[in-house]
Amino acid sequence: MTPRSRTRRLSAGLAVVALAFVGAGTAAAHATPVSATGSGAVAAEPGILMNYVVNTKPVAIHVDRTEEAIKAAGGTVVQSYKDLGVVIAQSTNPNFRTDVKLGKNGKSVQTVGATRTAAVKEGPVGTAAKTAAAKGLQAGESIPALDPREGEQWDMVQIKADKAHEQSDGSRKVLVGINDSGVDDTHPDLAPNFDAADSVSCNNNGVPDTTPGVWRPTTSDHGTHVAGTVAAARNGVGIVGVAPGVRIASVKVVNDDGFIYPEYAICGWVWAAEHKMDVTNHSYFIDPWEFWCNDDGDQGAVQEAVRRAVTFATSKGVLSVAAAGNSNYDLANKTTDSGSPNDTTPVTRTINNDCLDIPTELPGVITVASTTQTKARSGFSNFGLNKIDVAAPGSSILSTIPGGKYGLKSGTSMASPHVTGVAALIKSSRPWLKPAEIEKALRTDADDQACPAVIDARCTGTVANNAFFGEGLVDALDGVKRW
């Protein structure tokens with residue numbers, strides 16, 4: 001299946017331009033187990049298996065009591081995060097939200113929210129078949145030799161990565177998480193930098209799966225493309241990534257239908273934190289809502305749970321970088337959403353700025369817009385004054401795809417890994433920096449980009465910080481040259 005796009009689906013492959021997924025599979029392919037209301041709230045039908053986030057205080061006793069409340073309400077504990085005060089639960093009880101609060105230990109429960117509007121396709125936890133490594137590429141497959149293609153990488157020149165490499169390719173001590181659809185670790189440009197020990201799949205109800213090879217792609221080449229931009233090795237083959245000397249791990253958070261549900265994403269952040277990753281790339285938005293509104297019970301609970309996961313990861317030294325999105329939408333002036341929920345039947349609803357595109361709008365996450373080869377804003381890129389942090393190349397980017405091949409893709413999904421790579425170079429040069437300090441360096445070092453010469457009322461702000469480019473075009477050379 002082609003990666004999902006916020007705007008349209010395009011075929012992807014060698015030398016084919018495709019919008020990146022930064023949300024989901026074709027809604028028509030899914031059952032409709034819930035009824036949508038104008039507000040976006042959903043009510044589960046009897047007997048339908050649903051997943052929920054249950055938020056409590058991040059104190060062991062309250063998490064324990066919440067687990068008991070979940071069981072008493074007819075639910076199953078899927079995953080429990082005591083440091084976050086978040087429990088992922090599963091239930092077929094249509095009244096689960098209410099029952100989990102009214103039981104004996106319900107006072108420990110703060111908020112409860114369904115993580116999706118479609119039935120849980122992977123089935124009850126513990127019974128779904130694992131994603132077999134055999135569905136992806138197998139180790140030892142024949143990979144065709146390719147000539148070096150650095151001359152085609154205009155994007156690396158635009159952010160001065162070619163000049164930065166004269167001083168540093170990055171450190172092997174730096175580990176970058178590719179939170180995406182899986183990474184082909186047999187690709188000759190990725191194998192030298194791949195860290196299998198720290199790779200995982202989270203797309204079975206958000207439960208970490210470390211079966212060898214389970215982190216590989218099965219239906220999408222998206223994560224492999226992202227990985228190449230971050231850290232394709234300098235080995236005389238194909239292309240070179242922004243930080244070709246760092247290590248990468250695959251954190252698979254996209255299921256075979258192209259959906260990134262909250263429990264998958266939360267699992268990914270906790271895994272990154274526990275495995276001491278330095279930077280993680282998130283070229284997606286969390287399904288099934290393009291914008292999660294905190295005045296809706298389900299959406300508000302999910303927004304809070306994901307925020308806690310990001311905060312936890314940040315506290316453990318993980319910097320999160322995310323794509324701004326491909327809807328050509330002003331994130332600073334939200335009005336309507338017509339594409340959500342994308343796993344059942346979308347409804348048009350009125351939204352406001354309290355409705356967040358997650359993870360990119362969460363505190364502590366670097367929001368990346370996309371530029372073209374001429375340094376203009378890519379027409380698909382989301383924008384917004386004080387919403388965009390920095391910009392990076394995202395139109396027609398050459399990178400790795402499964403099978404030892406290379407292809408072109410477009411999207412803010414392609415812009416984000418450029419910034420992730422620069423962050424990895426900064427961390428390599430200054431290993432003592434914390435996430436907030438790396439963020440400051442990215443913003444300070446970025447090259448100012450003015451609004452278009454032809455007046456565009458949407459590009460508000462100044463040359464130093466505006467709605468289209470944020471603080472400017474990310475600069476890899478400044479990230480390493482002073483240290």
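Phe259, Tyr261 and Tyr264 form one aromatic cluster in this predicted model. A search of the whole structure finds seven aromatic pairs. One of these joins Tyr52 and Phe96, whose ring centres are 4.7 Å apart and whose planes meet at 35°, so the pair is tilted. Tyr52 belongs to strand E3 (residues 50-56) and Phe96 to helix H2 (residues 96-102), so the pair ties together parts that are 44 residues apart in sequence. Both Tyr52 and Phe96 are buried. Another aromatic pair, Phe468 with Phe469, is edge-to-face, with 6.3 Å from centre to centre and 75° between the planes. Phe468 and Phe469 are both buried as well.

**Overall composition and confidence**

The protein has 483 residues, and 62% of them count as buried. Its secondary structure comes to 10 helices and 19 strands. The accessible surface is about 16700 Å², with 53% of that belonging to carbon and sulfur atoms.

The mean pLDDT of the protein is 88, and 86% of the residues reach 70 or more. Two stretches fall under 50. Over residues 1-21 the pLDDT stays under 50, and the model has 94 contacts beyond four places in sequence for them. Residues 128-147 also have pLDDT below 50, with 40 contacts in the model beyond near neighbours in sequence. Where pLDDT is low, the predicted coordinates should not be read in detail.

**The antiparallel sheet**

Strands E4, E5, E3 and E6 form an open sheet in the order E4-E5-E3-E6, and the pairing is antiparallel. At its edges are E4 and strand E6 (109-114), each of which pairs on one side only. From one strand to the next the twist averages 25°.

Within this sheet, strand E4 (residues 75-81) and strand E5 (residues 86-91) pair over six bridges in the antiparallel sense. Gly75 has Ser91 of E5 as its bridge partner, and Val77 has Ala89 of E5. The hairpin of E4 and E5 has four residues between the strands, and in this hairpin Gly85 takes a positive phi near 75°.

The loop between E5 and H2 holds Pro94. With a relative accessible area of 26%, Pro94 is partly exposed, because the buried class ends at 20% and the exposed class begins over 50%. Pro94 and Met50 are 44 residues apart in sequence, while their C-alpha atoms are 8.9 Å apart in space.

**The parallel sheet**

Seven strands form a second open sheet, in the order E8-E9-E7-E10-E12-E16-E17, with parallel pairing. Strand E8 (200-201) and strand E17 (390-393) are the edge strands, each pairing on one side only.

Strand E7 (residues 175-180) and strand E9 (residues 247-252) pair in the parallel sense over six bridges. Along this pairing, Gly177 has Ala249 of E9 as its bridge partner, and Asp180 stands opposite Lys252 in E9. E9 also pairs with E8 in the parallel sense, over two bridges. There, Val200 stands opposite Val251 in E9. Five of the six residues of E9 are buried, so this strand is largely enclosed by the rest of the structure.

**Helices lying across the sheets**

Three helices that lie across strands of these sheets are listed below, each with its angle to one strand.

| Helix | Strands crossed | Angle |
|---|---|---|
| H5 (residues 222-231) | E7, E9 and E10 (279-282) | about 155° to E7 |
| H6 (residues 262-274) | E3, E4 and E5 | about 30° to E4 |
| H7 (residues 297-315) | E3, E5 and E6 | about 110° to E6 |

Helix H5 thus lies across strands of the parallel sheet, including E7 and E9. Helix H6 lies across E3, E4 and E5 of the antiparallel sheet. Helix H7 also lies across E3 and E5, and across the edge strand E6.

Notes:
Residues numbered from 1 in each chain as written. Predicted model: local features only at pLDDT ≥ 70, side-chain atom pairs only at ≥ 80, totals over all residues. Heavy atoms only, no water. Buried < 20%, exposed > 50% of the residue type's maximum accessible area, 1.4 Å probe, protein only. Areas by Shrake-Rupley, 256 points an atom, 1.4 Å probe, with all protein chains shown as cover. pLDDT = per-residue confidence, 0-100. Contact = heavy atoms within 4.5 Å. Pairing = 2+ DSSP bridges. Axes fitted to C-alpha atoms, helices over the stretch in contact; angles between N-to-C directions. Phe/Tyr/Trp six-rings, centres within 6.5 Å; stacked < 30°, edge-to-face > 60°.
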